[in-house]
Amino acid sequence: MLSIYHFDTPLSDNCLITEQYLQKISQQIHRSHHLFFVPLINEPILKMIKDDNSSCADEPTDKASLVYRLTLDFKAAQIEGNKKARALLINLQEALTVGHQKYSRNLVINIAKKVGINITDFLYNRNSKETMQAILEDQQLAHGMMPKVQATVAIDDAVDLKTQILTDFSVNDLLPAFLPHISDDDASEKNAEASVNLA
């Protein structure tokens, strides 16, 4: 089993494009694998969660609270599966950064419907204590896998019993890490794209 983790802060410079690249390249992996997005949040927000003072408005007032709100939405969607949660997060970031839409409850609901999420359950889960606890567990995972918590792609290979940590998100750096796990035909195609940079 190959487990791929993308640790990053939603709305950061390379977050969306790296997620899109990982979604695309993971479809070419011939081995059994899982792709996980793990949103990172800052220490003040973490402290709020731990102090049980972590309510988050549907209209965030700053970037930190917006990132937290996106993370809550993502983790709530993840209850229905990683695929739907990844689609929700990517679509939300596209709407906010590419489409320049304002974050709102209606925007989230519309995107959740688009990716096939049960809206009743989702609206409950996005503010539940269980979702907040899941965020804390993700941050613990990040601290456990990385010597320094930063934007990272981690490839955990259960066969070789090793974890590869990548912090350079150019195709030139990401591609070689995935080449051993994709078919020869796909590898040739990906090599032809290696001059493209994600940044």
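Student: Two strands pair if DSSP finds at least two bridges between them. Going by that, which residue in strand 4 stands opposite Ala 154?

Tutor: Ile 165 is the residue opposite Ala 154. Strands here are DSSP E runs of at least two residues, helices are H or I runs of at least four, and both are numbered from the N terminus. This is a predicted model, in which local features need pLDDT of at least 70 and side-chain atom pairs count only at pLDDT 80 or more, while totals for chains, interfaces and linings use all residues. Residues are numbered from 1 along each chain as its sequence is written, and side-chain values use heavy atoms, with hydrogens and water left out.

Student: How many bridges hold strand 3 and strand 4 together, and what is odd in the hairpin?

Tutor: Strand 4 (residues 162-166) is antiparallel to strand 3, with 5 bridges between them. The hairpin has 4 residues between its strands, and Leu 161 there takes a positive phi near 55 degrees.

Student: And what sits on the other side of strand 3?

Tutor: Strand 1 (residues 2-8) does, also antiparallel, through 6 bridges. Ile 155 is the bridge partner of Ile 4.

Student: What is the strand order of the whole sheet?

Tutor: The order is 2-1-3-4, in an open sheet of 4 strands with mixed pairing. Strand 2 and strand 4 are the edges, each pairing on one side only. The parallel part is strand 1 with strand 2, over 7 bridges, where His 6 faces Phe 37 of strand 2.

Student: Is strand 3 mostly covered or open?

Tutor: Mostly covered: of the 6 residues in strand 3 (152-157), 5 are buried. Buried means under 20% relative accessible area, exposed means over 50%, and partly exposed is in between, with a 1.4 Å probe and protein chains only.

Student: What does Val 153 touch?

Tutor: Contact means heavy atoms within 4.5 Å. Leaving out neighbours within four places in sequence, Val 153 contacts residues including Ile 4, Thr 18, Leu 22, Ile 165 and Phe 169. Val 153 also belongs to the largest nonpolar core, of 41 residues, where Leu 88, Phe 122, Val 153 and Phe 178 touch the most other members. Such a core is a set of buried Ala, Val, Leu, Ile, Met, Phe, Trp, Tyr and Cys residues joined through side-chain atoms within 4.5 Å.

Student: Which helix gives that core its largest share?

Tutor: Helix 4 (residues 82-98), with 7 residues. Apart from that core lies another of 10 residues, among them Ile 45, Leu 46, Ile 49 and Leu 136.

Student: Changing topic. How many salt bridges are there?

Tutor: The count is 5, taking a salt bridge as a side-chain nitrogen of Lys or Arg within 4 Å of a carboxyl oxygen of Asp or Glu. One of them joins Asp 157 and Arg 31 at 3.1 Å, N to O. Asp 157 is in strand 3 and Arg 31 in the loop between helix 1 (15-26) and strand 2 (33-39), 126 residues apart.

Student: Why does Asp 157 count as buried?

Tutor: Because its relative accessibility is 6%.

Student: What about Asp 73?

Tutor: Asp 73 pairs with Arg 126, with closest N and O atoms 2.8 Å apart. Arg 126 is in the loop between helix 6 (119-125) and helix 7 (129-145) and Asp 73 is in helix 3 (residues 63-78), so the salt bridge ties together parts 53 residues apart in sequence. Arg 126 has 1% relative accessibility and counts as buried; Asp 73, at 0%, is buried as well.

Student: Which salt bridge ties helix 7 to helix 3?

Tutor: Asp 138 of helix 7 and Lys 75 of helix 3 do that, bridging 63 residues of sequence. Their closest N and O atoms are 2.9 Å apart. Asp 138 is buried at 11%, and Lys 75 is buried at 8%. Shared salt-bridge partners also make one network of Arg 69, Asp 73 and Arg 126.

Student: Last one: where is Ile 29, and what does it touch?

Tutor: Ile 29 is in the loop between helix 1 and strand 2, buried at 8% relative accessibility. Beyond four places in sequence, Ile 29 touches Leu 2, Ile 4, Phe 178, His 181 and Ile 182. Its C-alpha is 8.7 Å from that of Leu 179, 150 residues away in sequence.
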